[in-house]
Amino acid sequence: MSALNSTKSLSFITSTIGIVALTNLAIIDSANAFSVTFDNGGFESNIVNSQNSWNTIGDVTVSPAIDGISPTNGFNQAIITTGHIPGSASGTPRNDDNGLDFNKSGNNPVNADVNSSAALQNHFGFSPNAFSISRSTGATFPGVRTSKEGSGMFQDFSVTLGAGETSFEISFDWAFLSNDGTTGSGGEQDFAFWSLGLYDSVSDTFTTDFSATGNPGDEIMVLQSSSSTSDIEGETPPNTVDDYLYESDYTVNGTETYTVTGLIPGQTYDYRVGFGVVDVDGLERTSTLLIDDIEAVPFDFSPTLGLFAVGVLIGCDRLYRRFFSTNN
Ligand SMILES: [Ca+2]
Ligand SMILES: [Ca+2]
Ligand SMILES: [Ca+2]
Ligand SMILES: [Ca+2]
């Protein structure tokens, strides 16, 4: 290969890698940058009674390790339970877990009954039957699961897409704890869910981003239902506060990742992301959802690849200069 051809080849490689690097670094260009207003996704600031960007209802707060399950990021995780404080109800005495108190915030879960106020569904902007999901295989009870009470939280955030971007990705870590399980006639009982949709602040309406979830209106995605198969510790019914009967930790569940597609580059969109947990068929036997490390990022953006490409570009440039100087 002649010196001239080698120079051309290096020049071609340099410019090709330059394009790759610039594509990956488009996020750094402030005029075309992806931006998101999402906040406190690591729950290091408290969220009890709706603070630090989260709108909560029922028993929702932050906590360090629960039943041996530590946050995946920092010192705290979000905890959402269906646990009512024992004996604290006006009128009928309440005793969700054999007198043990699994409530963490001091706020009791709220009504989730389609035949009553459906306060939990209303909090998210869902229709009343959003939690009327199918019973699991083998259940002989007629109809759908009957949601009774629960707790939840949501955050409204805006996403502005960069040039050429038509999608973004939202991810989070989750764990599920329960003193409930499966009944012979009703099948799997309590469940934890998440939701994502476009939020219209003018009409205060929520349009789900999910489809084909098999749930009424596709308003929620079920993360997990109570079942005796999720049992790490194998203990007998709980006799200590915060020691749940069934556990499925962050290691079991991993990170949930969802990609929103079909968007217009440069546009700003308002989203609502929600999380919650629901008692089914009865008010007793608490179930709990733990959440940590929620992030919203441009789809397919790889900082490592971008920096690698820049490194190669600089390396090629040095090689090109050295080659050029030694041959001329
Ligand atoms: Ca955290
Ligand atoms: Ca346990
Ligand atoms: Ca309950
Ligand atoms: Ca329950």
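This briefing walks through the fold, strand pairing and core of the protein shown above. The model is predicted, so it helps to begin with confidence: the protein averages a pLDDT of 85, and 81% of the residues score at least 70. Its secondary structure comes to four helices and 16 strands. Of the 328 residues, 37% count as buried. Contacts reach across the chain: among those with a separation of 6 or more, 74% join residues 24 or more positions apart.

**Where to read with care**

- The average pLDDT of the protein is 85, but residues 308-314 fall below 50. Beyond near neighbours in sequence, that stretch has ten contacts in the model.
- Residues 319-328 also have a pLDDT below 50, and this stretch has eight contacts beyond near neighbours in sequence.
- Where pLDDT is low, the predicted coordinates should not be read in detail.

**Strand β6 and its partners**

- Strand β6 covers residues 147-160, and eleven of its 14 residues are buried, so the strand is largely enclosed by the rest of the structure.
- β6 and β15 run antiparallel and are joined by 13 bridges. Within this pairing, Met153 has Phe275 in β15 as its bridge partner.
- Strand β2 (residues 55-57) runs antiparallel to β6, with three bridges between them. Met153 turns up here too, as the bridge partner of Thr56.
- β1 is joined to β6 by two bridges, again in the antiparallel sense. Here Val36 is matched with Val159 of β6.
- Strand β5 (residues 110-111) pairs with β6 over two bridges, antiparallel as well. Asn111 stands opposite Glu149 in β6.

**Strand β10 and its partners**

- Strand β10 spans residues 191-200; eight of its ten residues are buried, so β10 is largely enclosed by the rest of the structure.
- β10 pairs with strand β15 (residues 268-280) in the antiparallel sense over eight bridges. In this pairing Leu196 stands opposite Val273.
- With strand β12 (residues 221-225), β10 forms an antiparallel pairing of four bridges. Ala192 has Gln224 in β12 as its bridge partner.
- Four bridges also link β10 to strand β11 (residues 205-208), antiparallel once more. Tyr199 is the bridge partner of Phe206 in β11.
- β10 and β11 form a hairpin with four residues between the strands, and Asp204 takes a positive phi near 55 degrees there.
- β15 therefore appears in two of these pairings, since it pairs with β6 over 13 bridges and with β10, itself largely enclosed, over eight bridges.

**The largest nonpolar core**

- The largest nonpolar core has 55 residues, and the members that touch the most others are Ala78, Ile80, Met153, Trp174, Leu289, Leu290 and Ile291.
- At least two residues of this core come from each of β3 (59-63), β4 (77-81), α2 (119-124), β6, β7 (168-178), β10, β15 and β16 (287-298).
- β7 gives the largest share of the core, seven residues.
- Which residues does Leu289 contact, leaving aside its neighbours within four places in sequence? They are Ile80, Trp174, Phe176, Ala192, Phe275 and Val277.
- Some of these names recur elsewhere: Ala192 is bridged to Gln224, and Phe275 is bridged to Met153.

**Two spots outside the buried strands**

- Ser35 sits in strand β1 (residues 35-36). Ser35 has 14 other C-beta atoms within 10 Å, and because a residue needs 20 or more to be buried and 12 or fewer to be exposed, Ser35 counts as partly exposed.
- Ser35 and Ala296 are 261 residues apart along the chain, yet their C-alpha atoms are separated by 9.3 Å.
- Gly184 lies in the loop between β8 (182-183) and β9 (187-188). Is Gly184 buried or exposed? With 9 C-beta neighbours inside 10 Å, Gly184 counts as exposed, because the cut-off for that class is 12 or fewer.
- Gly184 and Ala139 are 45 residues apart in sequence, while their C-alpha atoms are 6.5 Å apart in space.

How values were computed. Residues numbered from 1 in each chain as written. Chains lettered and ligands numbered in written order. Predicted model: local features only at pLDDT ≥ 70, side-chain atom pairs only at ≥ 80, totals over all residues. Pairing = 2+ DSSP bridges. Core = buried A, V, L, I, M, F, W, Y, C linked by C-beta atoms within 7 Å. Contact = placed C-beta atoms within 7 Å. pLDDT = per-residue confidence, 0-100.
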